[in-house]
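Here are some exercises to work through with the structure open beside you. Try each task yourself before reading the solution.

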Amino acid sequence: MRLLSRRRLIAGLGIAGVAIAAGRTVLAGEPVLEIYKSPWCGCCDAWVEHMRAAGFTAQVKELEDLTPLKAMLDIAPELQSCHTAIVDGYVVEGHVPARDVSRLLAERPDAIGLAVPGMPIGLPGMEQGDMREPYDVVVFTADKRSVFARY
């Protein structure tokens with residue numbers, strides 16, 4: 001299974017000026033999301049609240065530049081969005097719905113993680129009334145991508 005090794009994660013985040021311990025859980029057993037975002041992004045804050053409402057514990061780290069983090073985590077430019085999270089050794093890039101993160105953790109595929117490229121309208125944190133754009137949640141490795149969920 002291709003999960004982020006604790007050593008690679010901590011070393012890489014040290015480069016970005018941040019140190020975390022991946023794979024932590026809280027006493028009740030909920031996964032802990034380590035979320036990296038810009039201090040100015042309101043849609044990221046709304047996604048954090050979506051994840052908390054779904055039962056995730058979210059720890060937010062604000063960074064001026066997420067580029068080194070995304071590169072270290074093997075998130076291809078075409079998969080990138082406005083924020084990056086790490087949960088139990090997986091990467092969650094962008095506004096991935098909580099139910100897909102829960103499914104990822106239950107199924108534990110051999111992958112780096114999930115991504116919703118860009119910022120389609122209607123995603124958690126990107127709501128605009130009844131407007132919805134179709135989008136895919138992508139499961140990815142360093143060299144492969146496939147649709148994990150379609151909305």
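**Exercise 1. Decide whether Tyr135 and Tyr151 are buried, exposed or partly exposed.**

Solution. Keep in mind that this is a predicted model.
- Step 1: Take Tyr135, whose relative accessibility is 11%. Buried means under 20% relative accessible area, so Tyr135 counts as buried.
- Step 2: Now turn to Tyr151, with a relative accessible area of 28%. Exposed would need over 50%, and 28% falls between the two cut-offs, so Tyr151 is partly exposed.

**Exercise 2. Find the aromatic pair of the structure and say how its rings are arranged.**

Solution.
- Step 1: The structure holds one aromatic pair. Its members are Tyr135 and Tyr151, with ring centres 4.9 Å apart.
- Step 2: The ring planes make an angle of 20°. Planes under 30 degrees apart count as stacked, so this pair is stacked.
- Step 3: Locate both residues along the chain. Tyr135 sits in the loop between S5 and S6, while Tyr151 belongs to the segment after S7. They are 16 residues apart, and the pair links distant parts of the chain.

**Exercise 3. Put the strands of the sheet in order and name the edge strands.**

Solution.
- Step 1: Start with the inventory: the protein chain has four helices and seven strands. Along the sequence, they follow the pattern α-β-α-β-α-β-β-α-β-β-β.
- Step 2: Recall how a sheet is held together. Strands pair through backbone hydrogen bonds, in either a parallel or an antiparallel way.
- Step 3: Walk across the sheet. Seven strands form an open sheet, ordered S2-S1-S3-S4-S5-S6-S7, with mixed pairing.
- Step 4: Look for strands that pair on one side only. These edge strands are S2 (57-62) and S7 (145-150).
- Step 5: Check the twist. On average, neighbouring strands of this sheet are turned by 25° against each other, direction ignored.

**Exercise 4. Describe the surroundings of strand S3, residues 84-87.**

Solution.
- Step 1: Look at one neighbour. S1 (residues 32-37) and S3 pair in the antiparallel sense over four bridges. Here Tyr36 has Thr84 as its bridge partner in S3.
- Step 2: Look at another neighbour. S4 (residues 90-93) also pairs with S3 in the antiparallel sense, over four bridges, and Ala85 stands opposite Val92 in S4.
- Step 3: Follow the turn. S3 and S4 form a hairpin with two residues between them, and Asp88 in the turn has a positive phi of about 50°.
- Step 4: Inspect the faces. Thr84 and Ile86 are buried on one side, Ala85 and Val87 on the other, and both faces of S3 are covered.

**Exercise 5. Which strands do helices H2 and H4 meet?**

Solution.
- Step 1: Helix H2 (residues 42-53) packs on the sheet and touches S1, S2, S3 and S4. Its direction makes about 175° with that of S1.
- Step 2: Helix H4 (residues 98-107) lies across S3, S4, S5 (113-115), S6 (136-140) and S7. Relative to S7, H4 runs at about 125°.
- Step 3: Finish with a side-chain detail. Arg103 lies over the face of Phe148, at 3.7 Å from the ring centre.

How values were computed: Residues numbered from 1 in each chain as written. Predicted model: local features only at pLDDT ≥ 70, side-chain atom pairs only at ≥ 80, totals over all residues. Heavy atoms only, no water. Buried < 20%, exposed > 50% of the residue type's maximum accessible area, 1.4 Å probe, protein only. Pairing = 2+ DSSP bridges. Axes fitted to C-alpha atoms, helices over the stretch in contact; angles between N-to-C directions. Contact = heavy atoms within 4.5 Å. Phe/Tyr/Trp six-rings, centres within 6.5 Å; stacked < 30°, edge-to-face > 60°. Lys NZ or Arg CZ within 6 Å of the ring centre and 35° of its normal.
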